[in-house]
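Please look over the sequence and the model shown here before reading on. The report is meant to be read alongside them.

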Amino acid sequence: MKRTILALLCILIVIAAFPASAGADFGPKPSVVIDFKGLEGKRYYATLLSDTESTGPFSAFDEDNEDYARYQQGEEGYDIFQKFVQYQDNDGFYFLQYFEDCSQTQRFSWTYYPPDVFKVLLYFPDTDSFVVSDRSFKQYAFDSYFTADGSGLNLSANAQIVADLRITQSYDYGAQILSLLARIVLTIAIELGIALLFGFREKRLFRFIVIVNVITQIALNVLLNIIDYQLGLFGFLFFYVLLEIAVSLAEAILYAIFLKKLTEKKVPGWKPWVYALVANALSFALGMLLALWIPGIV
């Protein structure tokens with residue numbers, strides 16, 4: 001038993017030390033995704049104007065160092081790039097040389113070092129006109145989703161229009177709640193099934209295991225949802241491992257202390273520990289598989 005605990009502690013130490021050895025650019029980065037409504041049938045390009053001159057590998061265009069421009073003359077998209085470069089924002093926000101053609105997708109995605117504070121800028125080549133949001137917005141989660149309503153825009157040729165694009169946060173909280181409930185129910189069902197296989201079938205034993213699992217799994221999964229919201233998938237997976245180990249140890253300790261007291265039958269000292277480790281390992285493995293089979297379930 002002492003060896004088991006020591007091994008688990010070693011695993012914790014290795015996992016905790018892992019980020020320190022990881023490169024500074026390792027793992028997923030925050031993203032900003034904007035879905036547009038009311039612009040169907042129009043040809044337009046979108047970008048985010050930043051309140052700072054650079055973010056990650058993206059920076060404002062420097063006329064003295066044109067060799068470092070993201071588009072060069074003759075390349076596809078160069079003419080649109082030049083239009084964005086020439087745009088002058090009234091609030092001093094910067095174009096960081098990244099844009100997308102949203103005409104078909106009606107979606108703009110900046111998935112690598114997007115600006116933390118930004119304005120939305122649209123360019124319509126058919127009228128050679130710009131539309132910019134009337135205010136700035138800020139990332140609110142690791143993956144920040146917004147919806148922008150451009151219906152009713154009255155585009156004029158060669159114009160720069162400051163408009164209320166009715167941009168709202170559109171994070172799918174409903175799907176996240178369903179995912180949370182599904183994880184909790186599946187995990188508890190697995191661990192109770194393993195309890196039956198280990199012979200923990202007496203009412204008092206089974207009731208105690210149910211109570212422990214309900215408390216630990218609700219706490220674990222609510223915390224993981226918060227981590228996923230704030231840190232994204234990489235943070236979720238990292239803390240998933242750490243928290244599963246912590247939960248396994250906590251449950252093992254509780255079972256080792258109380259299961260013997262709740263039954264007349266003899267319970268070997270190793271059994272509560274092995275049950276906790278097996279049950280949590282299996283539920284963890286299934287959770288990882290579900291992440292691949294059913295995106296959004298974890």
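What follows is a report on the salt bridges, a buried acidic residue, the surface patches and the backbone of this predicted model.

## Salt bridges between distant parts of the chain

The structure holds 7 salt bridges. In one of them, the side chains of R43 and D126 meet at 3.1 Å, taken from N to O. This pair ties together distant parts of the chain, since R43 lies in the loop between β1 (31-37) and β2 (45-50) while D126 lies in the loop between β8 and β9 (129-133), 83 residues apart. R43 is partly exposed, at 37% relative accessibility, whereas D126 counts as exposed, at 58%.

The loop between β8 and β9 also holds D128, whose partner K83 sits in helix α2, and this pair again links distant parts of the chain, 45 residues apart. The side chains of K83 and D128 form their salt bridge at 3.2 Å, N to O, and both residues are partly exposed, K83 with a relative accessible area of 27% and D128 with one of 23%.

A further salt bridge joins the side chains of D149 and R166 at 3.7 Å, N to O. Here D149 belongs to strand β11 and R166 to the loop between β12 and β13 (168-169), 17 residues apart. D149 is buried, with a relative accessible area of 17%, while R166 is partly exposed, with 43%. In addition, D89, D91 and K119 are joined into one network by salt bridges that share partners.

## A buried acidic residue without a salt bridge

Which side chain of opposite charge is nearest to E100, and how far away is it? E100, in strand β6 (residues 100-101), is buried yet has no salt bridge, and the nearest side chain of opposite charge is that of R107, 8.3 Å away. Because a salt bridge requires the nitrogen and the carboxyl oxygen to lie within 4 Å, the pair E100 and R107 does not count as one.

The side chain of E100 nevertheless has polar partners: it makes a polar contact with the side chain of Y98 at 2.5 Å, and the side chain of E100 also reaches the backbone nitrogen of S109 at 3.0 Å.

## Charged and nonpolar surface patches

On the surface, D62, E63, D64, E66 and D67 gather in a patch of negative charge. Within this group, E63 is placed in the loop between β4 (58-59) and α2 (78-86), and E63 is exposed, with a relative accessible area of 65%.

A patch of another kind, nonpolar and of about 360 Å², is made by V214, I218, V222, L223 and I226. V214 is found in helix α4 (residues 203-258) and is partly exposed, with a relative accessible area of 31%.

## Backbone and loop details

Most residues other than glycine have a negative phi. Q106, however, has a positive phi near 60 degrees; Q106 is found in the loop between β6 and β7 (107-110), where Q106 counts as buried at 13% relative accessibility. Y113 likewise has a positive phi, near 50 degrees, and is placed in the loop between β7 and β8 (117-124), with a relative accessible area of 26% that makes Y113 partly exposed.

Finally, N154 is found in the loop between β11 (143-149) and β12 (160-163) and counts as exposed at 62% relative accessibility. The C-alpha atoms of N154 and V131 are separated by 9.9 Å, and the two residues are 23 residues apart along the chain.

Key:
Residues are numbered from 1 along each chain as its sequence is written. This is a predicted model: local features need pLDDT of at least 70, side-chain atom pairs count only at pLDDT 80 or more; totals for chains, interfaces and linings use all residues. Side-chain values use heavy atoms; hydrogens and water are left out. Patches are made of residues with over 30% relative accessible area and no salt bridge: like charges are joined within 9 Å, nonpolar side chains (Val, Leu, Ile, Met, Phe, Trp, Tyr) within 5 Å. Accessible areas come from the Shrake-Rupley method with a 1.4 Å probe; for residues, only the protein chains shown count as cover. Lys and Arg count as positive and Asp and Glu as negative; His and the chain ends are not counted. The place of a charge is taken as NZ of Lys, CZ of Arg, CG of Asp or CD of Glu. Helices (H or I, at least four residues) and strands (E, at least two) are DSSP runs, numbered from the N terminus. Buried means under 20% relative accessible area, exposed over 50%, partly exposed in between (1.4 Å probe, protein chains only). A polar contact is a pair of N or O atoms within 3.5 Å; within protein, one must be able to donate a hydrogen and the other to accept it, and residues adjacent in sequence count only if both atoms are side-chain atoms.
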